Amino acid sequence: MRVVLVGPPGAGKGTQAQFIASHLSIPKISTGDIFRANVSGGTELGKLAKEYMDRGDLVPDEVTVAMVRDRLSHDDAQEGFLLDGFPRNVPQAEVLKKMLAEFGTSLDVVLNLVVDDDEVVRRLAGRRTCRSCGKVWHVLFDPPAVEGVCDACGGELFQRDDDREETIRHRLEVYQEQTAPLISFYADEGIVQGVDATGPVEEVTQRAMAALRRFAE
Ligand SMILES: [Zn+2]
């Protein structure tokens, strides 16, 4: 099965990607993993990507696309894969479609993890990070015994800028702007499946698997 997984920050996409890929016995292919593998392997593409990243610039689409093409041509991806983090926009989706057509295949399903903005804010804005050991706590879901103090090392807990409500809401807006056209691109192809991503991780995985089974029928 050839699957693309999309979802906003705070939807638990990385975790779901891992579980779903393992249930389906297909490789999880995330752009983060591909970047790291190319950079640490010292490939030409990796060197190129690193130049951009070292400057703090975004890696251009051509480089990302070339890495994805290379990864999808590996043996383990021939019977299926789960893509996480690619495509990010409609031009990338068009490139992916052409690429798969060259390989004689196409996407089966785009799983869209759905969580409402307030739930994402509740999940992310409750995070508190230890200044000393870096452990992440959560004021509601995983609180330390004493408020503001790390159970593990006694260090002081603080809220990272990334975890502030206004930062999260801004990231969600950017995500919606980028992703809405991508979802409608795939909706036109009739391959989008929405999955309610609220509630316990295992339940979300079960819902995703049920959606995939419905699609496979
Ligand atoms: Zn600590």
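A residue counts as exposed when its relative accessible area is over 50%. By that rule Glu202 is exposed, because its relative accessibility is 52%. The model discussed here is predicted, and Glu202 is a handy place to enter it, sitting in helix α8, which covers residues 201-216. Glu202 and Ser132 are separated by 70 residues in sequence, and their C-alpha atoms are 32 Å apart in space.

The zinc site comes next. The zinc ion is held by four sulfur donors, the SG atoms of Cys130, Cys133, Cys150 and Cys153, at 2.2 to 2.3 Å. Along the chain these donor residues follow the spacing C-x2-C-x16-C-x2-C. Cys133 belongs to the loop between β5 (127-130) and β6 (136-138), while Cys153 belongs to the loop between β6 and β7, so this pair ties together parts that are 20 residues apart in sequence. The arrangement is tetrahedral because the four donor atoms subtend angles of 97 to 115° around the zinc ion. For reference, the ideal angle for four tetrahedral donors is 109.5 degrees. Cys133 is partly exposed at 42% relative accessibility, and Cys153 is also partly exposed, with a relative accessible area of 40%.

An unreviewed UniProt entry annotates residues 127-162 as "domain: Adenylate kinase active site lid". Within the model, the C-alpha atoms at the two ends of residues 127-162 lie 10 Å apart. The span is 25% strand and 0% helix.

The UniProt record also carries "binding site" annotations. One set, from an unreviewed entry, lists Gly10, Ala11, Gly12, Lys13, Gly14, Thr15, Arg127 and Gly199. Of this set, Lys13 and Gly14 are found in the lining of the largest pocket. Gly12 lies in the loop between β1 (2-6) and α1 and is partly exposed, with a relative accessible area of 31%. Lys13, in turn, is placed in helix α1. Setting aside residues up to four places away in sequence, Lys13 touches Leu5, Val6, Gly7, Asp84, Gly85 and Leu113.

The contact between Lys13 and Asp84 deserves a closer look. The side chains of Asp84 and Lys13 make a polar contact at 2.4 Å. Asp84 is located in strand β3 and is buried, with a relative accessible area of 9%. Beyond its neighbours within four places in sequence, Asp84 is in contact with Leu5, Lys13, Gly14, Ala17, Lys28, Ile29, Ser30 and Thr31.

A second "binding site" set, again from an unreviewed UniProt entry, names Thr31, Arg36, Asp57, Leu58, Val59, Gly85, Phe86, Pro87, Arg88, Gln92, Arg160 and Arg171. These residues do not all gather at one spot, because they span 141 residues in sequence and their farthest two C-alpha atoms are 31.5 Å apart. Thr31, Gly85, Phe86, Pro87, Arg88 and Arg171 from this set take part in lining the largest pocket.

Two further members of the second set can be described through their surroundings. Val59 sits in the loop between α3 (44-54) and α4 (61-72), where it is buried at 13% relative accessible area. Apart from neighbours within four places in sequence, Val59 is in contact with Phe35, Ala49, Tyr52, Met53 and Thr64. Arg160 lies in the loop between β7 (157-158) and α7 (165-188), and its relative accessibility of 32% makes it partly exposed. With residues up to four places away in sequence left out, Arg160 touches Arg127 and Thr129.

Finally, two backbone details are worth pointing out. Phe86 and Pro87 are joined by a cis peptide bond, with omega at about -5°. Pro87 is in the loop between β3 (81-84) and α5 (90-102), and both Phe86 and Pro87 appear in the second annotated set. The other detail concerns Ser25, which has a positive phi of about 55° although it is not a glycine. Ser25 is located in the loop between α1 (13-24) and β2 (28-30) and is exposed, with a relative accessible area of 67%.

Methods:
Residues are numbered from 1 along each chain as its sequence is written. This is a predicted model: local features need pLDDT of at least 70, side-chain atom pairs count only at pLDDT 80 or more; totals for chains, interfaces and linings use all residues. Side-chain values use heavy atoms; hydrogens and water are left out. Helices (H or I, at least four residues) and strands (E, at least two) are DSSP runs, numbered from the N terminus. Buried means under 20% relative accessible area, exposed over 50%, partly exposed in between (1.4 Å probe, protein chains only). A polar contact is a pair of N or O atoms within 3.5 Å; within protein, one must be able to donate a hydrogen and the other to accept it, and residues adjacent in sequence count only if both atoms are side-chain atoms. Contact means heavy atoms within 4.5 Å. UniProt positions are given in the numbering used here, feature names are shortened, and annotations may be inferred rather than shown by experiment. On a 1 Å grid over the protein atoms alone, a cavity is a set of points where a 1.4 Å probe fits but cannot get out, and a pocket is an open set with protein on both sides within 12 Å along at least five of seven lines; lining residues have an atom within 4 Å of a point. Donors are N, O and S atoms within 2.8 Å of the metal (3.2 Å for Na, K and Ca); water is not among the atoms, so sites may look incomplete. Four donors count as tetrahedral if all angles lie between 85 and 135 degrees; four count as square planar and six as octahedral if opposite donors are over 155 degrees apart and all others between 65 and 115; anything else is irregular.
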